[in-house]
Amino acid sequence: MYAPDDPTRYQEVLVSPMYLAGSNGTGEAGFEPVAHWPHQYLDEGPCQLLVTSPDQRIRIGWFGDDFELWKISAAEDAFSAPRWTATFNHVTPAEMVAGLTAALVQDYDEAIASDTPGCFLTGPTVPWRDTVRPLTDAGWNLDGAAELGTVEIIAPDDQAGIFIDRRGYGSDRTTVELWAGPPGWGTRAEATFTARTPSHLIAATAAVMAKSTPVVRERHQVDRRMQHLVTMTPVASATPIAEAQVSRAPTPLDVRRTAVTQAVHRAARAPRTAADLRVLAAQSRSTGAAQKRTGHPAPATSARCRPARRRPGADADSHPRPHSTRDRPRPTGIPPCPPPPCSTRPRP
């Protein structure tokens, strides 16, 4: 444990791999995709915050003082029992939860636009490879020693995986589990999905695990037992490139700049017109004749005839340093998520 007066206790660091970073005590990242959905603060009961889709078919609950920190479900209507449920424990990084909530928002928007029930109510696809494809594409490997009727895909560092249980039946049986870290109360992150969870939603959550981008944590938020398994770089000393790689959603400005950059690259690679080719041929004949008369080598092609070179990083966007979470008052912005009481920093 860090001493209260340890100056490095609240130092912000970039932690990788993300799936071993643990929770930062708030649900800001997980609630960010659904910031525009209705929020309900609950003063009584274990659920402290409930976020629902506008028609209340999708429910996202935050249980700030519980072992099962997140419970996310979807139903056919506001009064029906959940068709499927996903649960994330208190060690799971909120960035992983954001992979699921972002996919739910996309499914919901498409359902409203097309006046259909929505992909978030479809069942799992067959084969199971669709569920784990983001992990296998990232180099995760199939565990050949898994029990009959089960499938397990393991990360290259052996510190994370996905476990699929195909032996049971029933909608309430947990059939898929994402895990990271060694077994233990404060070290093992677990995300579980019941049998009828759509495969593409599990894959969206797994895709976040497969990313190599670091996440920001205060140093004391990384369990001591995990520090030898992760890389921690102080944010203050991180290079601009490292800061730019911190996982975040692209802004509209990012999208526009990317489109402009791609257009410039396409223009630079585009074939020349017939008129351009005739001018180049004439220049070549002229320089060749001059070389024969003078015996000197031909001059370099005019810069006007070459594609313009773009300075590397000219369009790079700067990213502000992430805000510290050390004081953690009751959240008032987006997303509003009450932190666990035990994670509050002592006031000076």
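**Entry 1. Whole chain**

I began with the surface: the accessible area of the chain comes to about 19600 Å², and carbon and sulfur atoms account for 55% of it. I note here that the model is predicted. The chain has 348 residues, of which 39% are buried. For secondary structure I find seven helices and 13 strands. I then looked at contacts between residues at least 6 apart in sequence; 58% of them join residues at least 24 apart.

**Entry 2. The S12-S1-S13 sheet**

I looked up an open sheet of three strands, ordered S12-S1-S13 and paired antiparallel. Which strands stand at its edges? They are S12 (215-218) and S13 (231-234); each has a single partner strand, so one side of each is left without a neighbour in the sheet. From one strand to the next, the twist averages 40°.

I followed the pairing of S1, residues 12-16, with S12: it is antiparallel and runs over four bridges. In this pairing I find Glu12 opposite Glu218 of S12.

I also checked the faces of S12, and both are covered. Val215 and Arg217 are buried on one side, and Val216 and Glu218 are buried on the other. Glu218, the residue opposite Glu12, is thus on record here as a buried residue.

**Entry 3. Strands S2, S3 and S4**

I moved on to S2 (residues 39-41), which pairs with S3 (residues 49-52) in the antiparallel sense over three bridges. Tyr41 faces Leu49 of S3 across this pairing.

S3 also pairs with S4 (residues 58-62), again antiparallel, through four bridges. Here Thr52 stands opposite Arg59 in S4. How many residues lie between S3 and S4 in their hairpin? I count five, as computed, and Gln56 in the turn has a positive phi of about 65°.

**Entry 4. Aromatic rings**

I searched the whole structure for aromatic pairs and got eight. One of them is Phe31 with Trp70: the ring centres are 4.9 Å apart and the planes stand at 40°, so I log the pair as tilted. The cut-offs matter for that label, because planes under 30 degrees apart would count as stacked and those over 60 as edge-to-face.

This pair links distant parts of the chain. Phe31 belongs to helix H1 (residues 28-31) and Trp70 to strand S5 (residues 68-74), with their positions 39 residues apart in sequence. Are the two residues buried or exposed? Both Phe31 and Trp70 are buried. Ring pairs also bring in Trp62, giving a cluster of Phe31, Trp62 and Trp70.

**Entry 5. Charges over rings**

I then looked for charged groups over aromatic faces. The charged end of Lys71 sits over the ring of Phe63, at 4.9 Å from the ring centre. Arg129 lies over the face of Trp128, and its distance from the ring centre is 4.8 Å.

**Entry 6. Phe163 and Thr175**

I looked up Phe163 in strand S9, residues 160-165. Its relative accessible area is 24%, so I list Phe163 as partly exposed. Leaving aside neighbours within four places in sequence, Phe163 is in contact with Thr150, Val151, Glu152, Thr175, Val176 and Glu177.

Thr175 is in strand S10, residues 174-180. Thr175 counts as buried because its relative accessibility is 14%, and the cut-off for buried is under 20%. With the same neighbours within four places left aside, the contacts of Thr175 are Phe163, Ile164, Asp165, Phe193, Thr194 and Ala195. Phe163 and Thr175 are 12 residues apart along the chain, and their C-alpha atoms are separated by 7.9 Å.

**Entry 7. Ser199**

My last look-up was Ser199, which lies in helix H4 (residues 199-210). Ser199 has a relative accessible area of 4% and is therefore buried. What is Ser199 in contact with, leaving aside its neighbours within four places in sequence? I find Gly123, Pro124, Thr125 and Thr131. I also noted the separation from Phe120: the C-alpha atoms of Ser199 and Phe120 are 9.5 Å apart, with the two residues 79 apart along the chain.

Technical notes. Residues numbered from 1 in each chain as written. Predicted model: local features only at pLDDT ≥ 70, side-chain atom pairs only at ≥ 80, totals over all residues. Heavy atoms only, no water. Helix = DSSP H or I, 4+ residues; strand = E, 2+ residues; numbered from the N terminus. Buried < 20%, exposed > 50% of the residue type's maximum accessible area, 1.4 Å probe, protein only. Contact = heavy atoms within 4.5 Å. Pairing = 2+ DSSP bridges. Axes fitted to C-alpha atoms, helices over the stretch in contact; angles between N-to-C directions. Areas by Shrake-Rupley, 256 points an atom, 1.4 Å probe, with all protein chains shown as cover. Phe/Tyr/Trp six-rings, centres within 6.5 Å; stacked < 30°, edge-to-face > 60°. Lys NZ or Arg CZ within 6 Å of the ring centre and 35° of its normal.
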